[in-house]
Amino acid sequence: MPFEPPVTFNIADWFLDARVREGRGDRVAIRTDDRDWTYAEVRSLANRYGCLLKKAGVEPEQRVVVALPDGPEFAAALFGALKIGAVGVMVNPAQPPESIEYFLGYTRAAAVFTGAEHAEVFREKAPASPILKRIFVLGEDDLEAGSDELETFPTHRDDAAIWLFSGGTTGKPKAAVQSHTSYANSTVCYAHGVLGIGERDVTISIPKLYFGYAMGSNLFFPFSVGGSAVLFPENVTADVLFEKIERHRPTILVNVPKMVHMMVEHADAASRDLSSLRLATSAGEALPVELHRRWDEAFGVELLDGLGTAEMWHIFLSNRPGRVRPGTIGEVVPGFEVEVRDESGAAVLDGEVGTLWVRGNSRAIGYWQRMERTKQAFVCEWYVSGDMVSRDAGGYFTYRGRADDMLKVGGKWLSPGEVESCLLEHPAVAEAAVVGVTNEAGLTVPRACVVRRDGLAEDETLAEGLRAWVRERLEPYKYPREVVFMEALPRTHLGKVDRGALRTVKGGGA
């Protein structure tokens, strides 16, 4: 069932302060390599950060940018902003200066929390925000100078709480404005109802907290039940991740397909200890069935692939513990409704591909300063996604691709994910992405961008071998007319494959 909070409702109180009131203040909330942080300590730090924001003149409903590495300070900055009624905006601090300038201008941020290594670029781009009052710098400013007592602002449940940026591969990121209700609703429906998260769970995440998927799974979800989150600032590699899992013994791994690939390909995968994990999740991109098979073979940890969006905050389609179907994004999460519709808005038959429509209590208010796009995407109670899916008779959904990534070749629909999964089964292929390009005749044809396994040279023999591999296993029209070999696939600010960039790279042989 959807979660219906009281009219006066603030998620900083619901996720954090409530744990202290329940008598769980001494429980471990955050685990770092240096030390553990209790709920009482995180609450005290959040109160201090909130007091600093108030002293700087930040008011309710103004935006506060959190551009910090993962750690207790990130949690404190976010919860501190929420506690004074401000709106959190999570930003990757390592972005190029022009991106920082865009985010400061677009959000009209009133305050920024960042680290010393990124402070200079934020100071340089500060004029982009006409109301910026203060840049707080971790390591330079005394961020514990405020009082550890702070009364939570009585926000309305429908007030904006946190902006989430779309993971689109083209154009400037747009912000989905999400309410306090949304974050609590998805936590109850997905984290409690599907993952069965409890106070003994310890989470660890590959994506960093500025990504809404990680902020939920590796901060809000464990905090909602008195569990704990492992936070670390390092960039995640397979070696780093294996070491953190063996050190902190998490029970839930928040994963993405790119890291699934890196883990299963690791030379020492068979000897690494993942026995503490009871499950792992995957989202952000489609998880190829071949990659899922390799994961099961390598680790034997149940992997729940699912789909969520910034517009509906977090996962609303998911595989379930005990009934995972590789190659699918699972079933509808209780509390949400999902339909597959055609271009006219009519429901399609099971097995047919259509646009994903979803509704539930986690729907965004709209896009900030994007009225035309808001009117297209939010239709009454429904969010009309750009994702193409199909549903089988058993209620399982299969992801077919973004609407603008789907290809029509020879008058027939082609799902890039299907060809990518096929290519991944080839022993020479480490990663693959398929996009549509226009050939000399003006027709759309599939282009496969391939990262080879170590030690394998690129040549036309391998390119033709990959084309033949797909022709033999899929319908003939689906084979890639072009094969482009790359050292690595380009990715967006959220780590997704940048398909727009792949359409502009130099083409391969046809």
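Good morning. I begin with one side-chain pair: E246 and R272 are joined by a polar contact of 2.9 Å between their side chains. Please bear in mind throughout that the model before you is predicted.

How far apart are E246 and R272 in sequence and in space? They are separated by 26 residues in sequence, while their C-alpha atoms lie 8.0 Å apart. Leaving aside residues up to four places away in sequence, E246 touches R272 and D273. E246 belongs to helix α8. Is E246 buried, exposed or partly exposed? Its relative accessible area is 30%, and E246 is therefore partly exposed.

Let us stay with helix α8, which spans residues 238-248 and packs with helix α9, residues 257-265, at an angle of about 85°. The axes of these two helices are 9 Å apart. That angle makes α8 roughly perpendicular to α9. On the α8 side, the residues that meet α9 are A238, L241 and F242; on the α9 side, they are M259, M262 and M263. Sorted by class, this contact of α8 with α9 has 6 nonpolar residues, with no polar and no charged ones.

I turn next to the sheet. An open sheet of 7 strands is present, with mixed pairing and the order β6-β5-β3-β4-β7-β8-β18. Which strands form the edges? They are β6, residues 134-138, and β18, residues 366-367, each of which pairs on one side only. Strand β18 is joined by 2 bridges to β8, residues 175-179, and the two run antiparallel. Within that pairing, A176 stands opposite Y367 of β18.

A helix also lies across this part of the model. Helix α3, residues 72-83, lies across β3, β4, β5, β6 and β7, and runs at about 175° to β3.

Finally, consider helix α1, residues 11-21. Why is α1 described as largely enclosed by the rest of the structure? The reason is that 8 of its 11 residues are buried. Among them are W14, F15 and L16, and also D17 and R19. The buried residues of α1 pack against α2, α3, β7, α6 and α7, and helix α3 has already appeared as the helix lying across β3 and β7, among other strands.

Both ends of α1 deserve a word. At the N-terminal end, N10 acts as a cap, with a side-chain oxygen 2.8 Å from the backbone nitrogen of A12. Just after the helix, G23 adopts a positive phi of about 90°. Thank you for your attention.

Key: Residues numbered from 1 in each chain as written. Predicted model: local features only at pLDDT ≥ 70, side-chain atom pairs only at ≥ 80, totals over all residues. Heavy atoms only, no water. Axes fitted to C-alpha atoms, helices over the stretch in contact; angles between N-to-C directions. Helix = DSSP H or I, 4+ residues; strand = E, 2+ residues; numbered from the N terminus. Parallel < 35°, antiparallel > 145°, perpendicular 65-115°, else oblique. Contact = heavy atoms within 4.5 Å. Nonpolar A, V, L, I, M, F, W, Y, C, P; charged D, E, K, R; others polar. Buried < 20%, exposed > 50% of the residue type's maximum accessible area, 1.4 Å probe, protein only. Polar contact = N/O pair within 3.5 Å; in protein donor to acceptor, adjacent residues only side chain to side chain. Pairing = 2+ DSSP bridges.
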